[in-house]
Amino acid sequence: MTVQLDFLKNVLYFSGLDLAEIESIDKLVFEKSAERGEMVLLEGESATDLYFVASGAVKVFKTSAEGKEQILSIVRPGESFNDVSIFDGGPNPASARAMGPVLLYGIKKNDIEAILRNHPRVVLNVINVLASRVRHLVSLVEDLSFKHVIGRVAKILFEQVGGGQMGRGPRLTQQEMAAMAGTAREVVGRSLKALEEEGAIKVDRNRIVITDKEALKRVMEVSS
């Protein structure tokens, strides 16, 4: 079995399909690569392809008229992006940029429509994917509206680092963390220092290590 076939078997979009169905879909997939900082999608442009991240990570973000960036999500291997515009026919609602070297698998809009007609199971999977996307955006709005910045930063660290050091997800700069938390880089720096003083994390050069997972969770929960 090829790497691409094995990848498609583990993508939520195609969960529950048999090998013959996966093989028929595999014929419609194309590869696209991007280097760190390269734009993959531009907000407002016509949507033509649905993408899955095979390796690396992609950040999906909005940009204000003043140039301020708000990161909506970080897309990791096995996950998709640009779903909404593919299904509703509208322009790309956000831009997407590679956070490092990235390998993408893409499927053309017309081919996605054919897949949905020929494989009803995929329709149910798409509903689950989009429902998860809505939950994520509702959670983001809640965090930006009700949590203090230190709580947002704590949540970003918890989700990116998990129980160890920064490395499970893409390495984030303080500017990228600020774009996720909806604040300024300097405020993120102060929040990291406060979390370190609380004993929740340790900042060692370019690494952030969670030293007290429960302390970090408490900050997440009470800083609203």
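## A surface patch and helix α5

Ile127 is found in helix α5. In this predicted model, Ile127 joins Val123 and Leu124 in a nonpolar patch on the surface. Together, these three residues have about 260 Å² of accessible area.

## Where α4 meets α5

Let's turn to the neighbour of this helix. Helix α4 covers residues 109-118, and helix α5 covers residues 120-146. Their axes come within 5 Å and cross at roughly 115°. Because angles of 65 to 115 degrees count as roughly perpendicular, α4 is described as roughly perpendicular to α5.

On the α4 side, the contact involves Ile115, Leu116 and Asn118. Their partners in α5 are Pro120, Val122, Val123 and Val126. By class, the contact of α4 with α5 has six nonpolar residues and one polar residue, with no charged residues. Val123 is worth a second look: this residue takes part in the contact with α4, and Val123 also belongs to the nonpolar surface patch.

## Where α7 meets α8

A second helix pair is formed by α7, residues 174-181, and α8, residues 185-197. Here the axes come within 8 Å, with a crossing angle of roughly 100°. That makes α7 roughly perpendicular to α8.

From α7, the contact draws on Gln174, Gln175, Met177 and Ala178. Helix α8 contributes Arg185, Val188, Gly189 and Leu192. Sorted by class, the residues of the contact of α7 with α8 are four nonpolar, three polar and one charged.

Terms used. Residues numbered from 1 in each chain as written. Predicted model: local features only at pLDDT ≥ 70, side-chain atom pairs only at ≥ 80, totals over all residues. Heavy atoms only, no water. Axes fitted to C-alpha atoms, helices over the stretch in contact; angles between N-to-C directions. Helix = DSSP H or I, 4+ residues; strand = E, 2+ residues; numbered from the N terminus. Parallel < 35°, antiparallel > 145°, perpendicular 65-115°, else oblique. Contact = heavy atoms within 4.5 Å. Nonpolar A, V, L, I, M, F, W, Y, C, P; charged D, E, K, R; others polar. Patch = residues over 30% accessible without salt bridge, like charges linked within 9 Å, V, L, I, M, F, W, Y side chains within 5 Å. Areas by Shrake-Rupley, 256 points an atom, 1.4 Å probe, with all protein chains shown as cover. Salt bridge = Lys/Arg side-chain N within 4 Å of Asp/Glu carboxyl O.
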